Amino acid sequence: IINITAPENSRENIYIDKMYLNGEEWGKNYVRYSDLMDGASLHFEMSDQPNKNRGTDPSEWPYSYSKDE
């Protein structure tokens with residue numbers, strides 16, 4: 001079972017301020033299948049303004065955006 005919650009989600013709050021995977025803050029801009037395959041809890045804190053600091057470090061980018069060849 002994958003449980004997804006975003007209680008503050010609304011027409012105004014369309015941006016992810018913080019995300020939690022299994023209770024731990026998750027700064028990456030992606031979730032791997034292996035993180036979900038045994039069940040998971042995803043919790044989103046939503047905002048009306050984008051969090052311009054979240055997911056900006058290259059270590060938080062998905063592999064397809066990396067510079068690895």
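Asp35 and Arg32 form a salt bridge in which the closest N and O atoms are 3.1 Å apart. The model in which this pair appears is predicted. The structure holds one salt bridge, and that makes the pair a convenient place to start. Side chains of opposite charge can pair when their charged atoms come close.

The two partners differ in how much of their surface is accessible. Asp35 has a relative accessible area of 17%, and because the cut-off for buried is under 20%, Asp35 counts as buried. Arg32 has a relative accessibility of 39%, so Arg32 counts as partly exposed. Asp35 belongs to helix H1, which covers residues 33–36. With neighbours within four places in sequence left aside, the contacts of Asp35 are Leu21, Trp26 and Ala40. Ser34 is also part of helix H1. Unlike the buried Asp35, Ser34 is partly exposed, with a relative accessible area of 46%. From Ser34 to Asn53 the separation is 19 residues in sequence, and their C-alpha atoms are 26 Å apart in space.

From the helix we turn to the chain as a whole. Its secondary structure consists of one helix and four strands. Along the sequence these elements follow the pattern β-β-β-α-β, with three strands before the helix and one strand after the helix.

The four strands form an open sheet of mixed pairing, and their order in the sheet is S1-S4-S2-S3. Strand S1 (2–5) and strand S3 (24–25) are the edge strands; each has a single partner strand, so one side of each has no neighbour in the sheet. Strands of a sheet pair through backbone hydrogen bonds, either parallel or antiparallel.

Within this sheet, strand S2 (residues 15–21) is paired with strand S4 (residues 40–47) in the antiparallel sense, over six bridges. Two residues of S2 show how the strands are aligned. Lys18 has Glu45 in S4 as its bridge partner, and Leu21 stands opposite Leu42 in S4. On the side of S3, Leu21 stands opposite Glu24. Leu21 is also one of the residues in contact with Asp35 of the helix.

S2 and S3 run antiparallel and are joined by two bridges. These strands form a hairpin with two residues between them. Asn22 is located in that loop between S2 and S3. What is the sign of phi at Asn22? Phi is positive there, at about 50 degrees, although Asn22 is not a glycine. Most residues other than glycine have a negative phi. The relative accessibility of Asn22 is 46%, so Asn22 counts as partly exposed.

The loop between S1 and S2 contains another asparagine, Asn13. Which residues does Asn13 touch, once neighbours within four places in sequence are left aside? The contacts are Glu8, Met46, Ser47 and Asp48. Asn13 and Glu45 are 32 residues apart along the chain, while their C-alpha atoms are separated by 9.2 Å. Glu45 is the residue already met as the bridge partner of Lys18.

The remaining points concern totals for the chain. Among contacts with a separation of 6 or more, 77% are between residues 24 or more positions apart. The chain has 69 residues, and 20% of them are buried. Asp35 is an example of a buried residue. The C-alpha trace spans about 40 × 30 × 20 Å along its principal axes. The accessible surface of the chain is about 5400 Å², and carbon and sulfur atoms account for 48% of that area.

The charges complete the description. There are 7 positive and 13 negative side chains in the chain, and 4 Å separates the centres of the two sets. The one salt bridge of the structure is the pair of Arg32 and Asp35.

Key. Residues numbered from 1 in each chain as written. Predicted model: local features only at pLDDT ≥ 70, side-chain atom pairs only at ≥ 80, totals over all residues. Heavy atoms only, no water. Pairing = 2+ DSSP bridges. Buried < 20%, exposed > 50% of the residue type's maximum accessible area, 1.4 Å probe, protein only. Contact = heavy atoms within 4.5 Å. Salt bridge = Lys/Arg side-chain N within 4 Å of Asp/Glu carboxyl O. Areas by Shrake-Rupley, 256 points an atom, 1.4 Å probe, with all protein chains shown as cover. Lys, Arg positive; Asp, Glu negative; His and termini not counted. Charge placed at Lys NZ, Arg CZ, Asp CG, Glu CD.
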